[in-house]
Amino acid sequence: MRIQYLFSFLILLASSLYAQEAIEYGEVLPFKENLAMNSPKESPQPDMEVVGRRTATNAIQQMEQTSENKSDAEGDISDENEITDSEPEEIIEDQETITTVDSTQLPDTLFIDMTKSYMPTENRRVTSPFGMRTYRIHKGIDIKVQVGDTIRAAFAGVVSKVRYERRGYGNYVMIEHVDCGITKTVYGHLSRQLVSEGDTVQAGDIIGLGGNTGRSTGSHLHFETRINGMPMDPATFFNFENQTFTKAIYPLSMQQAKADYTALEKVASARRYHRVRPGDNLGKIAQRNGISIEKICRLNGIKRTTVLRIGRMLRCS
Ligand SMILES: [Zn+2]
């Protein structure tokens with residue numbers, strides 16, 4: 001009898017350690033047109049203050065801190081994580097990384113003219129910041145929007161891409177800009193695109209409606225700001241919470257920006273991950289990666305008894 005109890009206990013223990021499959025499907029909400037809110041509103045009043053640049057050490061420290069906090073937070077599967085996109089989005093423009101930035105072609109300090117900007121969405125809640133995500137760099141910022149919410153061009157420019165990408169950005173719009181300092185903005189996961197490639201747009205023009213298309217598990221806007229291909233944190237320039245820009249004229253040291261992004265890439269490439277497969281358990285994963293179960297638990301903020309979802313990325317270094 002005792003052996004039988006022990007046996008069933010072991011089976012229970014083993015099954016709890018084994019992975020359970022949970023495929024996430026994007027939530028499809030009823031379509032809601034929001035074109036009534038088309039008329040552009042007053043842009044925020046510029047404050048003409050120009051700030052000095054951050055120091056390199058500060059920026060990198062901040063970044064490391066952010067990435068640490070994030071990795072801790074991502075250990076728990078929270079609602080916050082569930083409503084944001086959880087898979088690589090950078091399928092488009094993958095070639096457009098830091099390597100395309102030739103600092104010699106740019107002045108050392110670029111003055112980003114935010115007086116020419118417009119908030120891409122009137123929603124204020126950032127659901128996922130720019131920077132290190134579990135196993136990759138999140139090259140934009142996620143803002144909670146409802147399906148059908150108005151999405152606007154952040155700067156004047158020419159629409160360069162109106163495309164659909166099933167495993168990434170979903171319906172997205174890309175705009176090239178010339179005279180504001182930011183050279184490109186991207187708007188992802190739209191339910192509808194309301195511009196065509198080649199269209200000229202002004203800041204504040206409606207370009208699409210918010211949605212949940214592509215690799216996304218809840219309606220949100222994925223918004224990117226790039227300078228010569230290099231992703232920049234949109235929160236550097238836009239304050240979504242207060243619906244305004246951070247500085248009227250934002251002085252950006254390109255050397256600094258490049259150093260920051262290189263540091264971020266270094267953090268990303270130094271991390272080793274294991275994607276949970278059917279039949280995996282912590283013991284196997286630990287053995288395969290030459291680390292202890294305790295360390296996997298600590299790095300990922302999980303317990304020995306946590307059920308491992310198939311496909312989940314576990315940090316292993
Ligand atoms: Zn995103």
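**View 1. The zinc site and its three protein donors.** In this predicted model, the zinc ion is held by His-138 through NE2, Asp-142 through OD and His-222 through ND1, at 2.0 to 2.2 Å from the ion. Written as a sequence pattern, the donor spacing reads H-x3-D-x79-H. His-138 sits in strand β4 (residues 136–138) and His-222 in strand β13, so to speak bridging distant parts of the chain, since the two are 84 residues apart. Both histidines are buried: His-138 has a relative accessible area of 0%, and His-222 likewise comes to 0%.

**View 2. Polar neighbours of His-138.** Stay with His-138 in strand β4 and look at what its side chain meets. A polar atom of the His-138 side chain lies 2.8 Å from the backbone oxygen of Pro-129. The side chain of His-138 also makes a polar contact, at 3.2 Å, with the side chain of Asp-142. Asp-142 is itself one of the zinc donors, through OD.

**View 3. The largest nonpolar core.** Which residues have the most contacts inside this core? They are Ile-112, Tyr-187, Ile-207, Phe-223, Phe-237, Phe-238 and Leu-252, in a core of 42 residues. Two or more core residues come from each of β1 (109–113), β5 (141–144), β8 (170–176), β9 (184–190), β13 (220–227), β14 (230–232), β17 (249–253) and α5 (254–270). The largest share, 5 residues, is given by α5. Apart from this core there is another, of 12 residues, and Val-276, Leu-282, Ile-293 and Leu-308 are among them.

**View 4. The surroundings of Ile-112.** Ile-112 is one of the residues with the most contacts inside the largest core. Leaving aside residues up to four places away in sequence, Ile-112 touches Cys-180, Gly-181, Ile-182, Ile-227, Phe-237, Ala-248, Ile-249, Tyr-250 and Leu-252.

**View 5. Strand β17 and its partner β1.** Is β17 enclosed or open to the outside? Of its 5 residues, 5 are buried, so the strand is largely enclosed by the rest of the structure. Side chains in a regular strand alternate between the two faces of the sheet. In β17 both faces are covered, with Ile-249, Pro-251 and Ser-253 buried on one side and Tyr-250 and Leu-252 buried on the other. Strands β1 and β17 run antiparallel and are joined by 5 bridges. One place to find this pairing is Thr-109, whose bridge partner in β17 is Ser-253.

**View 6. Aromatic pairs and a cluster.** The model holds 7 aromatic pairs. In one of them, the ring centres of Phe-237 and Tyr-250 are 5.4 Å apart and the planes stand at 85°, so this pair is edge-to-face. The pair links distant parts of the chain, with Phe-237 in helix α4 (residues 234–237) and Tyr-250 in strand β17, 13 residues apart. Both Phe-237 and Tyr-250 are buried. Elsewhere, Phe-155, Tyr-187, Phe-223, Phe-238 and Phe-240 form one aromatic cluster. Of these, Tyr-187, Phe-223 and Phe-238 are also among the residues with the most contacts inside the largest nonpolar core.

**View 7. An open sheet of 3 strands.** Here the strand order is β6-β12-β10, and the pairing is antiparallel. Which strands form the edges? They are β6 (150–152) and β10 (192–193), each pairing on one side only. Strand β12 (residues 206–209) pairs with β10 over 2 bridges in the antiparallel sense. Within this pairing, look for Arg-192, which stands opposite Leu-209 in β12.

**View 8. Asn-228 in its loop.** Asn-228 belongs to the loop between β13 and β14. Its relative accessible area is 25%, which means that Asn-228 is partly exposed. The C-alpha atom of Asn-228 is 8.0 Å from that of Ile-182, although the two residues are 46 apart along the chain.

**View 9. Helix α7 and the residue after it.** The buried residues of α7 (residues 293–300) are Ile-293, Ile-296, Cys-297, Leu-299 and Asn-300. An α-helix has 3.6 residues a turn, so residues three or four places apart point the same way. Ile-293 is also one of the residues of the 12-residue core. After α7 comes Gly-301, with a positive phi near 60°.

Conventions. Residues are numbered from 1 along each chain as its sequence is written. This is a predicted model: local features need pLDDT of at least 70, side-chain atom pairs count only at pLDDT 80 or more; totals for chains, interfaces and linings use all residues. Side-chain values use heavy atoms; hydrogens and water are left out. A nonpolar core is a set of buried Ala, Val, Leu, Ile, Met, Phe, Trp, Tyr and Cys residues joined through side-chain atoms within 4.5 Å. Buried means under 20% relative accessible area, exposed over 50%, partly exposed in between (1.4 Å probe, protein chains only). Helices (H or I, at least four residues) and strands (E, at least two) are DSSP runs, numbered from the N terminus. Contact means heavy atoms within 4.5 Å. Donors are N, O and S atoms within 2.8 Å of the metal (3.2 Å for Na, K and Ca); water is not among the atoms, so sites may look incomplete. Two strands pair if DSSP finds at least two bridges between them. Rings of Phe, Tyr and Trp (its six-membered ring) pair if their centres lie within 6.5 Å; planes under 30 degrees apart count as stacked, over 60 as edge-to-face and the rest as tilted. A polar contact is a pair of N or O atoms within 3.5 Å; within protein, one must be able to donate a hydrogen and the other to accept it, and residues adjacent in sequence count only if both atoms are side-chain atoms.
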